[in-house]
Amino acid sequence: MESGGQEARWDGRAQAIQLGALLLFAILIINLSLFQVFVVPDQNSEIEFNHNENLQNDMVDIRNNVLETASTGASSPTGVKLGTQYPARTVFVNPANPSGSLRTESLGEVKVLNAEATGEAGDYWDGSDRTFDTKSLVYQPSYNYYTNAPETVYENSVLYNRFDSGTELNVTGQQLVNGRTITLIALQGSASVSKTGSTTVETEPLSAPLRRLPLGRDGGPVTIEIPTQLSEDRWRTLLADELDTPDDASTSDPTDGDYVTFLDCANAPPDPCGTLTLQMEDIGSENYLLRTGAVSVSGNTLSQNPQYVVRVSDQSASLETGAETSLTVEVRDQYNNPVSNVELTGSISGSSPTGSLDSTTQTTDENGEATFEYTAPGSETTDTLIVGFDGVTNPNEPEATEFNIKVESGGGEGDSTAPTATSASANPNTISPGNPFDLTASFDDVGNGGSDILEATWSDPVSSATGDLAAVDSEYDQAREDVEGTVPGTTTSSWSVGDHDIEITGTDANANSVTTQVTVTVVELDAVTLIDDFDTSTSFSDTNWSRTAGTTASEVSIDSDASTALSRTNAVRIDDIDGTNEGIVSDAFDTSSYGSVNVSVAVKQGDPAFVGDNPDPGEDLLFQYRNPSGGWVTAREFQATGTSEPYQTFSTELTAGETRHSNFAVRIVQEQTNGFEDTWFVDETCVAAGTVCPGFSGASATNMDTQANGNGEQTLSFTPDADLPAGKTVTIDLSDAQDATSGNSNQYQVDYQVASATVTSGGGTASFTTRTDQVAVLEYDPASDVSNGTPVTIEITGATTGNSGQQSNPYDVVFDRNDGGTITATFDVN
């Protein structure tokens, strides 16, 4: 019996061990299942959200490239990552990697009504309706978790997000109307691509660069009709700074700088507008400036169809018997840009004897120009040369033009009298090498022979650089001409320091010239940088920023809660409590002599500790800059989603002419809210002129092996995109992976507490400055200046890691320059 009882006891113990093992196994399976069900989707959702933010930045680049290509006539590529990838998982399962598609969609016709141009262009722009087709470019994501992600759409100079709910959120501002300048850029081509990986979008000029065509009204008000899928509410927000007295032209003020007197949509909000109608103010004898062009996003570079011809040479020519002269015309398309490869026919009529042409047909060159060589007969006469295309010979039609030629013995009147230069200026007249400046001048030949001004040029005797100037009204066809042009930064980049006496020469049709002079001083300008990470700040008096007018300390403050900062400690907290626009504005400085301003910022929406503080859709954060008239231009709009989101960064180079003035500033404000506390955080701000915002062109952290017991190794590397001076530091925050709870002998995640760091390339030293159970911070000190583009590599040894089941891959590593920006790399422990 005793023997049997002992066996029973041993059997019970064995069964208990088996049951315990089964219970532990069941717990493991449950934990793994919970991780698969909750943690994996949460991590993947964050990856998708971050991808969408980066995608929106890519779309901003495409939008800017469309505008730049239209302005310069140069193509520009943009890389776009349509989808993303989840991290590899040894035990757990990911769905298929998310993809995205990019496509063009037809919008309809842009229409210009009641617009009449001066000069020969008025044969085409005669008040008749002028139309051209345009399209939108749409990115549509296909995510597995971020299912309420928006479509991101570019149309009519605006980039915006479109949600399934019908909500629209602007990402950029508009460029359609800016004071008296109207800019219409048609988007054409047929793009359609869908994939997980990357694609390249090439913006190609179809009709460019943009020209300014002076327009007046013909009967009714100048009116623009735009096909659009944005709602009327969105357009009223976008055009708020351009609206005069909305919908009431009878009380408009032609001196206040706002010229849109009427805005209407075919469909009432919240439906898409359909057709946006803008009526412009009657400004009497003054003109609007119309800029039109076409850009393709599918590589289609076919020439546009010719619409009208204008004279380049003076309409009236006087020459001696038997002499020769060249008469040049230009063929333009519907966007007012030159068209090449158009065959023109010239014919001469007049009293006998008539002159002759060396050829009655000519073909336009790459500049849209064709020149006919006329030879005068041996006796005096008056001839008319008619030049046209498509068989048109009536000079009153857009397709033809005429020259009046007077042949005299001994030449015409006023042959030797030069025109007068009545004004000339350079703006700015002090620059640094590599920055542009504008030239303007006026020439008058009335009373000096009366011949039309034929051309204007500029030259710099110091550098031997030269260039042409354009007539402000786009045509050299009168005896008084205002001329203008920009000397680009690529030209001045090699100019020596000192005074450059720029010679501006105007020449009339009788080859008589006058030269005037303006002085441009080239100096080595000191770079201006306003850089703040707010980590050592206790009040705004310690920074380059201040609160916007009417904002209180309870609404905008410097928050010392490290959990809300992008790196280290502090960030600016914006709590829009009373429903008005609160935020911060930078110190002002003079950018007149700089070619561009570089800006960057990191923003975060919502406080993780207080769900009710999350900004709702529409309660967006605006990143704006001040223009010369004191108005604010939105460079980026950060959309609120109603949830707490991680930091997103924005950086760009502001190159528009309106960024160059003596009172430039940047402000960051929250849009009108519902009056509850809606929280945004701002960190790592930079405003720089004459240099770039210091940051990184790349960073990486290698993966680590699991179950490393004091022998874990890792390589960290970063590359600065601007020189890192000696005395500045880079902080590398490894806290996302650091977890070594006291007393936990079975290491969880990564422990850097006994690890060491050695710089293996780039020079300098690296050491841990903070190490606790939950925090690991490394600081790099350069031994001397680290040049832009020089990689710095740091080897970590002696770390400890847990097993694969204890990891929460991927881990963020935040690299932070104390003189500028940040960058984040990720790694896995597997």
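This report walks through two sheets and the disulfides of a predicted model.

## About the model

Because the model is predicted, local features need pLDDT of at least 70 and side-chain atom pairs count only at pLDDT 80 or more, while totals for chains, interfaces and linings use all residues. Residues are numbered from 1 along each chain as its sequence is written, and side-chain values use heavy atoms, with hydrogens and water left out.

## The sheet with strands 50 to 54

Let's start with an open sheet of five strands, arranged 50-51-47-53-54 with antiparallel pairing. Strands here are DSSP runs (E, at least two residues), numbered from the N terminus, and two of them pair if DSSP finds at least two bridges between them. Strand 50 (765-771) and strand 54 (822-827) are the edges, each pairing on one side only. From one strand to the next, the twist averages 20 degrees; the axes behind such angles are lines fitted to C-alpha atoms, and angles run from 0 to 180 degrees between N-to-C directions.

For a closer look, follow strand 53 (residues 811-817), which is joined to strand 54 by six bridges in an antiparallel run. Here aspartate 816 has threonine 822 of strand 54 as its bridge partner. As a reminder, strands of a sheet pair through backbone hydrogen bonds, either parallel or antiparallel.

## The sheet with strands 35 to 43

Another open sheet of five strands has the order 35-38-43-40-41, and its pairing is antiparallel. Its edge strands, each paired on one side only, are strand 35 (545-547) and strand 41 (632-638). The twist averages 25 degrees from one strand to the next.

Within this sheet, three bridges connect strand 38 (residues 583-586) with strand 43 (residues 666-670), and the two run antiparallel. If you want a pair to find on screen, glycine 583 has valine 669 in strand 43 as its bridge partner.

## The disulfides

The structure holds two disulfides (cysteine sulfur atoms within 2.5 Å). Numbered in sequence order, the bonded cysteines pair 1-2, 3-4. One disulfide links cysteine 265 to cysteine 273, with an S to S distance of 2.0 Å. This link is left-handed, with -105 degrees about the S-S bond. Both cysteine 265 and cysteine 273 are buried (under 20% relative accessible area, 1.4 Å probe, protein chains only; exposed is over 50%, partly exposed in between).

The other disulfide joins cysteine 686 and cysteine 693, whose sulfur atoms are 2.2 Å apart. Its torsion about the S-S bond is about -95 degrees, so this disulfide is left-handed. Cysteine 686 is buried at a relative accessible area of 2%, and cysteine 693 counts as buried at 11% relative accessibility.

Methods. Helices (H or I, at least four residues) and strands (E, at least two) are DSSP runs, numbered from the N terminus.
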